[in-house]
Amino acid sequence: MTTEELRALDRSAVWHPFTQQQGWATEDAPIIERAEGSWVYDTDGNAYLDGTSSLWCNVHGHQHPRIDAAVRAQLDRVAHTTMLGLSHPGAIELADRLLAIAPRAEGRAPLSRVFYSDNGSTANEIALKMAFQWHRIREPEGRRFKFVYLDMSYHGDTIGSVSVGGIDLFHTMFRPLLFEGIRVAPGDAAGLERVLREQGDEIAALIMEPLVQGAAGMLMHPDGYLRAVRELCDTYNVLMVVDEVATGFGRTGTMFACEQEGVVPDLMSVAKGLTGGYLPLAATLATERVYEGFLGRFEEFRTFFHGHTYTGNPLACAAALATLEVFEDEDVIDALQPKIALLGELLEELIAPIETVRSIRRCGFMTGIELVDFPLEARMGHQVTLAARERGAIVRPLGDTVVLMPPLSIAQDELRQLVAITAEAITAATGAGTPRAPAAVAPASTPA
Ligand SMILES: *Cc1c(COP(=O)(O)O)cnc(C)c1O
């Protein structure tokens with residue numbers, strides 16, 4: 001099919017996620033047919049830098065030879081077999097490797113069990129259900145039915161994960177369908193303590209994104225907050241669920257964000273980068289204490305009755321295993337550190353001086369560039385996306401915050417191009433005139 005034929009069919013047959021289709025029909029969005037390294041190519045042969053890692057999930061670049069080979073080799077064995085009543089080598093080996101790299105802290109029992117699913121929303125949904133059932137089994141007369149979540153949090157789009165979502169634009173519509181939660185202000189440990197003191201015995205778990213709330217527009221937590229939440233959850237016997245779906249696999253400069261504050265959660269969800277951005281796979285990691293709560297004779301019905309058809313899919317597990325091998329063999333986390341520093345310098349040099357940029361928030365390779373206020377209908381974040389596209393980069397805004405989150409494998413010269421294109425796109429779209437004096441760039445919270 002020609003690009004025009006594909007576009008016509010896209011408009012008549014496809015409903016895109018998070019998209020107002022009425023505007024979509026008037027836009028010529030690129031139709032991506034292949035990708036390599038940090039670049040994606042459309043059906044007209046145009047090349048674009050993948051500035052958001054294909055929605056935050058690509059890690060080692062597109063068509064990484066190692067991951068390609070692992071998926072192909074798995075295809076010669078079996079594409080899918082179930083985890084319900086059976087097992088397979090990939091899921092077993094991956095569980096072992098995931099637990100080996102999971103956050104650890106001295107004097108604290110590590111995460112020791114892996115429950116698979118297919119995406120970040122389900123990984124969180126599972127963590128919430130596990131926390132709920134764990135308390136129900138321990139205290140059948142108890143009333144721990146509520147969850148604490150942070151304002152502006154995002155944990156996915158299924159009803160359970162929406163119930164603990166704090167972004168009104170996405171979540172308010174569904175409020176009558178949702179279960180009860182208690183929303184607290186991010187960064188306010190004292191406020192959280194008040195809630196736990198007053199209602200602790202009604203709360204099953206707290207769920208949060210560690211260090212940075214991605215979908216909120218890269219909202220940064222103050223140093224020590226994650227650690228403080230861990231201590232409060234311990235004090236009030238509330239399970240701590242950490243959603244590392246966006247932050248996991250190197251995004252913040254360490255393998256997991258939790259490491260930076262020496263925190264081991266009771267439950268941890270991972271997805272996006274787990275397969276290097278190749279295939280849908282997610283996991284919910286649990287400590288032995290949580291796991292053991294579900295043990296009992298069959299007729300006690302402590303079984304965790306939850307599982308998806310494609311849970312632990314072998315092709316996806318093969319991609320994930322290869323992804324973790326690349327982390328190790330290519331020293332990805334070490335190699336990332338100079339690029340994180342360079343990204344900081346480039347933002348300061350090229351983006352901060354633009355007069356229509358209000359602030360830059362960054363944690364490792366997660367960057368949010370907030371524009372000054374424009375009328376809602378101007379859709380300025382979107383205009384920047386269009387201007388960047390014309391110049392050869394794919395970026396996607398969250399409202400009027402332009403997100404930069406390239407693959408960890410991006411080369412230094414590609415990173416320079418990406419930031420330069422973004423600067424030009426912001427200047428062109430917002431009609432910024434002469435650059436103003438350099439503004440301060442928020443320091444990256446990279447590991448010491
Ligand atoms: C993307 C994201 C999710 C949802 O993951 P899906 O795979 O899109 O369901 C959950 N939590 C966080 C922090 C995310 O960034």
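**Exercise 1.** In what order do the strands of the open sheet with mixed pairing follow one another? Determine also where this sheet ends and which helix packs on it.

*Solution.* The model is a predicted one.

Step 1. The sheet with mixed pairing is open and consists of four strands, in the order 1-2-3-15.

Step 2. Its edges are strand 1 (32-36) and strand 15 (393-394), each of which pairs on one side only.

Step 3. Strand 15 is joined to strand 3 (residues 47-50) by two bridges in the parallel sense. Within this pair, Asp 50 has Ile 394 of strand 15 as its bridge partner.

Step 4. Helix 15 (residues 412-430) packs on this sheet and touches strand 2 (39-42), strand 3 and strand 15. The direction of helix 15 makes about 100° with that of strand 3.

**Exercise 2.** Describe the open sheet that contains strand 13, and identify the helix lying across it.

*Solution.*

Step 1. The strand order is 13-14-17-16, and the four strands pair in the antiparallel sense.

Step 2. Strand 13 (357-363) and strand 16 (396-398) are the edge strands, since each pairs on one side only. On average, neighbouring strands of the sheet are turned by 25° against each other, direction ignored.

Step 3. Inside the sheet, strand 14 (residues 366-371) and strand 17 (residues 401-404) form an antiparallel pair over four bridges. Thr 367 stands opposite Leu 404, a residue of strand 17.

Step 4. Helix 13 (residues 332-351) lies across strand 13, strand 14 and strand 17. With respect to strand 13, helix 13 runs at about 180°.

**Exercise 3.** Characterise the surroundings of the ligand, beginning with the shell and ending with individual atom pairs.

*Solution.*

Step 1. The ligand is surrounded by 13 residues, of which Asn 119, Gly 120, Ser 121, Asp 243 and Lys 272 are the closest.

Step 2. By class, the shell comprises four nonpolar, six polar and three charged residues.

Step 3. Helix 6 (residues 120-138) contributes the most to the shell, namely three residues.

Step 4. Two oxygen distances can be listed: a polar side-chain atom of Ser 121 is 2.6 Å from a ligand oxygen atom, and an N or O atom in the side chain of Lys 272 is 2.6 Å from an oxygen atom of the ligand. In addition, an N or O atom in the side chain of Asp 243 lies 2.7 Å from a nitrogen atom of the ligand. Each of these distances falls within the 3.5 Å limit for a polar contact.

Step 5. The ligand taken alone exposes 380 Å², and the protein buries 83% of that area.

**Exercise 4.** Locate Glu 180 and state which residues it touches.

*Solution.*

Step 1. Glu 180 belongs to the loop between helix 8 (168-171) and strand 6 (181-184).

Step 2. Leaving aside residues up to four places away in sequence, Glu 180 touches Phe 145, Lys 146 and Phe 147.

Step 3. Relative to Gly 120, Glu 180 is 60 residues away along the chain, and the C-alpha atoms of these two residues are separated by 21 Å.

Methods:
Residues are numbered from 1 along each chain as its sequence is written. This is a predicted model: local features need pLDDT of at least 70, side-chain atom pairs count only at pLDDT 80 or more; totals for chains, interfaces and linings use all residues. Side-chain values use heavy atoms; hydrogens and water are left out. A residue is near a molecule or strand if one of its heavy atoms lies within 4 Å of it. A polar contact is a pair of N or O atoms within 3.5 Å; within protein, one must be able to donate a hydrogen and the other to accept it, and residues adjacent in sequence count only if both atoms are side-chain atoms. Accessible areas come from the Shrake-Rupley method with a 1.4 Å probe; for residues, only the protein chains shown count as cover. Ala, Val, Leu, Ile, Met, Phe, Trp, Tyr, Cys and Pro count as nonpolar, Asp, Glu, Lys and Arg as charged, and the others, Gly among them, as polar. Two strands pair if DSSP finds at least two bridges between them. Axes are lines fitted to C-alpha atoms, for helices over the stretch in contact, and angles run from 0 to 180 degrees between N-to-C directions. Contact means heavy atoms within 4.5 Å.
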